[in-house]
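Q: I'm new to this structure and would like a close look at a single part of it. Could you walk me through one sheet, strand by strand, and then show me what else is worth finding around the model?

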Amino acid sequence: MHRLRTCAARLRPLAAPHIALNFSHRRPAAAGLPRTFQPIRCYTAPVAAEPFLNGTSSNYVEEMYYSWLENPKSVHKSWDIFFRNANAGASPGAAYQSPPPLGVNLSGLSQAQALVGTQPSVEKLVEDHLAVQSLIRAYQIRGHHVAQLDPLGILDADLDSFVPMDIITSSEKLGFYGLNEADLDKVFRLPTTTFIGGSESALPLREIIRRLEMAYCQHIGVEFMFINDLEQCQWIREKFEKPGVMQFTLEEKRTLLARMVRSTRFEEFLQRKWSSEKRFGLEGCESLIPALKTIIDKSSENGVESVIMGMPHRGRLNVLANVIRKELEQIFCQFDSKLEAADEGSGDVKYHLGMYHRRINRVTDRNITLSLMANPSHLEAVDPVVQGKTKAEQFYCGDTEGKRVMSILLHGDAAFAGQGIVYETFHLSDLPSYTTHGTVHVVANNQIGFTTDPRMARSSPYPTDVARVVNAPIFHVNADDPEAVMYVCNVAAEWRATFHKDVVVDLVSYRRNGHNEMDEPMFTQPLMYKQIKKQKPVLQKYAEKLIAEGTVTRLEYEEEVAIYDKICEEAYTRSKDEKILHIKHWLDSPWPGFFTLEGQPKSMSCPSTGLKEEDLQHIGKVASSVPVEDFTIHGGLTRILKGRAAMVESRTVDWALGEYMAFGSLLKEGIHVRLSGQDVERGTFSHRHHVLHDQNVDKRTCIPMNYIDPNQAPYTVCNSSLSEYGVLGFELGFAMASPNALVLWEAQFGDFHNTAQCIIDQFICPGQAKWVRQNGIVLLLPHGMEGMGPEHSSARPERFLQMCNDDPDVFPKTSENEFAMQQLYDCNWIVVNCSTPANYFHVLRRQILQPFRKPLIIFTPKSLLRHPEAKSSFDDMVDGTHFKRLIPEEGAASQNPAGVKRIIFCTGKVYYDLTKERKSRGMEETVAIARIEQLSPFPFDLVKAEIEKFPQAEVMWSQEEHKNQGYYDYIKPRISTTINHAHPVRYAGREPAAAPATGNKKAHLLELERFLNTAFNQDAFRGQS
Ligand SMILES: Cc1ncc(C[n+]2csc(CCOP(=O)(O)OP(=O)(O)O)c2C)c(N)n1
Ligand SMILES: [Mg+2]
């Protein structure tokens, strides 16, 4: 390789100056035809100076050089001499020697066609061959710019009407390569980087150009030459260049027509029956349905058993009906406004609910499971969720290469280009713990986004350019050519099966109606829509084509249409009998066996979340050891592990060890644990160290958590890409696949969760309410005012609490026994701020041991990670112990409750500030401090009991956050309800503020002092009601 680089570097001259000239010209509107231009002859550099080796031709030379290295006879004598001289160190210009006359053996070619050996000048011969090589390459790189992609024939899919200067749109343009019309009938040897020759190794220039045009400039535009893998480029070239690749059997064409009929007539049926309803129809891009079906058929043929799909509004009903095969009556009944909901769910069915269906693939006769994920309106937000669910399904069935489970993502053109989450999701595609081994992306590119033209919606030529960052090939295709669509979809599915990498199909189409069927598109796109009104529907065009070529008769076609129309009519009649909507029929991720047949939890109790002493000891030992031989860890880590061993010895845990106990014990019980987020392996605060790194061997690592028990479930801990939106979405999707896994996402600092707000607001918070889908994801959000300034301080508890569904004004009426469980069952998510490692340990374990799944938001500490008092004894973690929703006052104040003047409720870290202050003031007997560990659902029952314990005490809420932030607004009305509004609820905390924290350390301490003063000043509220 080194030799090649050296040689190639020597061979490569400076860029030829003529390249800088602008030979481009405007492309005529109708996709490159007719072609006119100025002939320019420009490739005239003498071979002796070697400028023929420009950037493009050097590839050809490199290729020959490889062949020559293997076998010097494989290249022409002239090249043999050239390479020998160059390798021997000849300086640029000196390596070339005039070759001996060519003795070409071209069997099968006529005398007239004989290779250019008859040319008088060998220099011209080499030059012309290189020119042809460059020409072929130009089509491979830029042919898509002139492909006829727009079905309307009025727009440029790449937003530019330029025809690249090196694409031959008429014979004069050959001048760019130093060729002219006379060269068109000369025969040129084809390089190994093209397949246009089929079985022939040389072709006349005219034929070369014709075949290149056929491959790259018709209804398919292939963008792939940015891929830096020769094998992959060769694979694509072969798929598109080989003569005759686009042949279909009669059967395939008939199936395609039938699918077009279904796709088109479905939309027409809806339009007829519900002409004033919005349905975000597919008209103008009907070939999306056969496109998806082709990808699924081909993938099934290649062994895929499960396909997980995500898609936006456009054509969703059609996909449900004709791809997933949801019963039509179930879809039609959604249009009935009188339909009553039988279960929970916001009736958000038509465009958002998901679906899961297992069936036989008719083409391959194999079983296939198709799921369409429920999604919010927020375009593209479902992308990472689909990836996470796909990864999980692959993980659970041991599909380490993505051969059995795959994902398909559908996109709109404007959203694909505009939404950053698309980019964030692409960046997960090749990461070991996040890859799904290739996603097929299909863009329903109707060349408009609501009322916005593409040129106002993106700065890149194509809406698909974002995919280039991961070297995904992009197949643009004119959606009015269903056979071309089918072809690229087959290739896309094969690409994924072969290389297990992402691929994009860009269905260039149009939108026949407005954004929805009620919108008037002529307001904003008058000329486009004049054209669209004239546009013959694709089904009609394709049917006429097949009838003309004799593939089907008109009668057969009409029968096909009539059969499907009848299916729709019958389903419509049946749909009138559907009076009740069962949202549980629209689940995208059923959890078989987890619920009763009626979909209820199997019990309403949670066993003890404690562990046997020996398990605590055993896990503690693993946590403080290096379980593999000859593994050198960092000295600092040795100290940390020793510290852990000492804690285990003394039967205590700190935060990290408490977490270890929770994870380790669940793993031992067969529960998969997956912790993902930025730098989680070590832990942002260097406290976790779940992955040990050998100090002497690069990339040798060890995860002790996987050495707990031979029969344990695997532990996944993975540093993620620097994306909150993408990674949290991914983990949410992962958690959807199974209830028997603890899936945690940790924000680097809690405030960064706001860049994933869409996942929190649209999926995590309301997911069950909207889509009857439970999810047990855990969010770990480091939070706390520690003088670090306005950044990195607040995980914004107020936002999570504001979105809790428990009523502040109602004390729940539930029996004492069931209170906690019933509350948990009824809530939309659980929000906790633990003040002890033991409680953190319990809440993590409860997440799995409780009989249903709810998202869990944990505000996690920073300084408490190392606080000497923030430790827990094994006594609080052994068998029989539980998570404490509230930790009551247990000190001196509890001994003489009647003497207590104030009960301060608080949560999290501030407890340690309060107790320190109380001690220093000698008020341990007069002030009680209780910790609300589970903020939501609010422990009304325990708060009530605690307040009743201290009848003389004034009730106070204290927090270190500013008054308009933190927990106050959530807590105050709930405590008021608890005490029946009998007394005021006092506040001790920071003043209201715009920023979460001051950036000034001194000001920070002053604020702390001030509110602690209020907390312990018995007279602070004297005179106030
Ligand atoms: C994140 C987000 N922003 C804005 C919208 C509002 N919106 C709905 S559809 C649409 C246009 C989408 O255009 P495109 O992606 O090309 O899909 P098309 O409707 O053309 O199929 C917009 C802006 C949304 N749903 N989601
Ligand atoms: Mg669009």
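**A closer look at the sheet**

A: Let's start with one pair of strands, keeping in mind that this is a predicted model. Strand β20 (residues 741–746) and strand β21 (residues 778–782) run parallel and are joined by three bridges. If you want a spot to zoom in on, try Leu 744, which sits opposite Val 778 in β21.

Now zoom out a little. These two strands belong to an open sheet of seven strands with mixed pairing, and the order goes β19-β16-β20-β21-β23-β22-β28. At the edges you'll find β19 (715–719) and β28 (934–936); each has a single partner strand, so one side of each is left without a neighbour in the sheet. On average, neighbouring strands here are turned by 20 degrees against each other, direction ignored.

Next, the empty spaces. The structure holds 12 cavities of 30 Å³ or more, and the largest cavity has about 110 Å³ of space. Its lining is made up of 14 residues, with Phe 763, Gly 767, Gln 768, Arg 773 and Asn 775 lying nearest the centre. Three elements give two or more residues to that lining: α23 (724–737), α24 (757–764) and α25 (767–771). Sorted by class, the lining has six nonpolar, five polar and three charged residues.

Last stop, the magnesium ion (ligand 2). Its protein donors are Asp 413 (OD), Asn 446 (OD1) and Ile 448 (O), lying 2.0 Å from it. Asp 413 is in helix α13 (residues 413–418), while Ile 448 is in the loop between β11 (439–445) and α15 (454–457), so the pair links distant parts of the chain, 35 residues apart. Asp 413 and Ile 448 are both buried.

Terms used: Residues are numbered from 1 along each chain as its sequence is written. Chains are lettered from A and ligands numbered from 1 in the order in which they are written. This is a predicted model: local features need pLDDT of at least 70, side-chain atom pairs count only at pLDDT 80 or more; totals for chains, interfaces and linings use all residues. Side-chain values use heavy atoms; hydrogens and water are left out. On a 1 Å grid over the protein atoms alone, a cavity is a set of points where a 1.4 Å probe fits but cannot get out, and a pocket is an open set with protein on both sides within 12 Å along at least five of seven lines; lining residues have an atom within 4 Å of a point. Grid points are joined across faces, edges and corners, and a volume is the space filled by probe spheres set on the points. Helices (H or I, at least four residues) and strands (E, at least two) are DSSP runs, numbered from the N terminus. Ala, Val, Leu, Ile, Met, Phe, Trp, Tyr, Cys and Pro count as nonpolar, Asp, Glu, Lys and Arg as charged, and the others, Gly among them, as polar. Donors are N, O and S atoms within 2.8 Å of the metal (3.2 Å for Na, K and Ca); water is not among the atoms, so sites may look incomplete. Buried means under 20% relative accessible area, exposed over 50%, partly exposed in between (1.4 Å probe, protein chains only). Two strands pair if DSSP finds at least two bridges between them. Axes are lines fitted to C-alpha atoms, for helices over the stretch in contact, and angles run from 0 to 180 degrees between N-to-C directions.
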